[in-house]
Amino acid sequence: MKTRIFMFVIGIFLSIATFAQSEIDPRLYAKYDKAYLEKLSQENPQQLEKMNFFVKNAGYVIDMPDKPIEYKDLVRLSDNSKNITMDEIKNFNPYIYNCKNDVSRTTYYKIGNTGKLLIMRSLQDLNRMYDNYVRVKSLKK
C-alpha cells in the first residue's frame, strides 16, 4: 500500500515537472506557428524545452573589443535596419534579426552604433550547454 502511494506521489510530481517544462518562450512565436508550438508542448515537451533553451542562450552581448574582429552588422529583418538600440537587445530574440548560429564556429555581429558586439554561440556549443543543463537538472531531482 505504501509503495502505491509513493508511486502515485512520484507520478504527480513528474506530471507537474513535465507541465512546467512545456511553457513556450514567447520569442519562439517569431519563427514558429502557435499551433505547432502548442502541439509540441503536449507531444514532445523535451524538444520544446531545448528550443526554449536555445532561444534564451543563442548569444550574448559584450563591449566592442579594441582589437580588430571579423563581424557582420546586426540587421532587423522587419525593416532591414541596422539602427538597433540596446533597449531592443534586452530580451534578445535571434529570430527577428539576421544573426545565425553556425554549426561549429562562433559568429559576431556589431549592434548598430551602441559600441556593443553580439556573440552568437555555435550549435555545437549550444548542444553541449544544453546537455550539461539537462545533466545538472537531473541531478537535482
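**Exercise 1. Find the residues that R27 touches, then work out whether R27 is buried or exposed.**

Solution. Start with the contacts: leaving out residues up to four places away in sequence, R27 touches V55, K56, N91, F92, N93 and Y95. Contact here means heavy atoms within 4.5 Å. Before going on, keep in mind that this is a predicted model, where local features need pLDDT of at least 70, side-chain atom pairs count only at pLDDT 80 or more, and totals for chains, interfaces and linings use all residues. Residues are numbered from 1 along each chain as its sequence is written, and side-chain values use heavy atoms, with hydrogens and water left out.

Next, place the residue: R27 sits in the loop between α1 (2–21) and α2 (34–43). Helices (H or I, at least four residues) and strands (E, at least two) are DSSP runs, numbered from the N terminus. Last, check the cover: R27 counts as buried because its relative accessibility is 13%. The cut-offs are under 20% relative accessible area for buried and over 50% for exposed, with partly exposed in between (1.4 Å probe, protein chains only).

**Exercise 2. Lay out the whole chain, then work out the strand order in the sheet.**

Solution. Count the elements to begin with: there are five helices and four strands. Along the sequence they read α-α-α-β-β-α-β-β-α.

Now the sheet. It's an open one with mixed pairing, and its four strands come in the order β1-β4-β3-β2. Two strands pair if DSSP finds at least two bridges between them. At the edges you'll find β1 (59–63) and β2 (72–73), each pairing on one side only.

Then walk through the pairs. β1 and β4 (residues 116–120) run antiparallel and are joined by five bridges; on this side, Y60 stands opposite I119. Strand β3 (residues 107–111) is also antiparallel to β4, again with five bridges, and there Y109 has L118 as its bridge partner. β3 and β4 make a hairpin with four residues between them, and G112 in that turn has a positive phi of about 45°.

Finally, look at how β4 is covered: four of its five residues are buried, so the strand is largely enclosed by the rest of the structure.

**Exercise 3. Pick out the residues of the largest nonpolar core and the elements that give two or more residues to it.**

Solution. First, the rule: a nonpolar core is a set of buried Ala, Val, Leu, Ile, Met, Phe, Trp, Tyr and Cys residues joined through side-chain atoms within 4.5 Å. The largest one has eleven members: A58, L74, I84, I89, F92, Y97, C99, Y109, I111, L118 and M120. β3 and β4 are the elements that give two or more residues to it. There's also a second, separate core of six residues, including L28, L40, L48 and M51.

**Exercise 4. Describe the surroundings of M51.**

Solution. Locate it first: M51 lies in helix α3 (residues 45–57). Its relative accessible area is 10%, so M51 is buried. Setting aside neighbours within four places in sequence, M51 contacts L28, Y32, Y36, L37 and L40. For L37, the C-alpha to C-alpha distance to M51 is 10.0 Å, with their positions 14 residues apart in sequence.

To finish, zoom out: of the protein's 141 residues, 29% count as buried. Among contacts between residues at least 6 apart in sequence, 58% join residues at least 24 apart.
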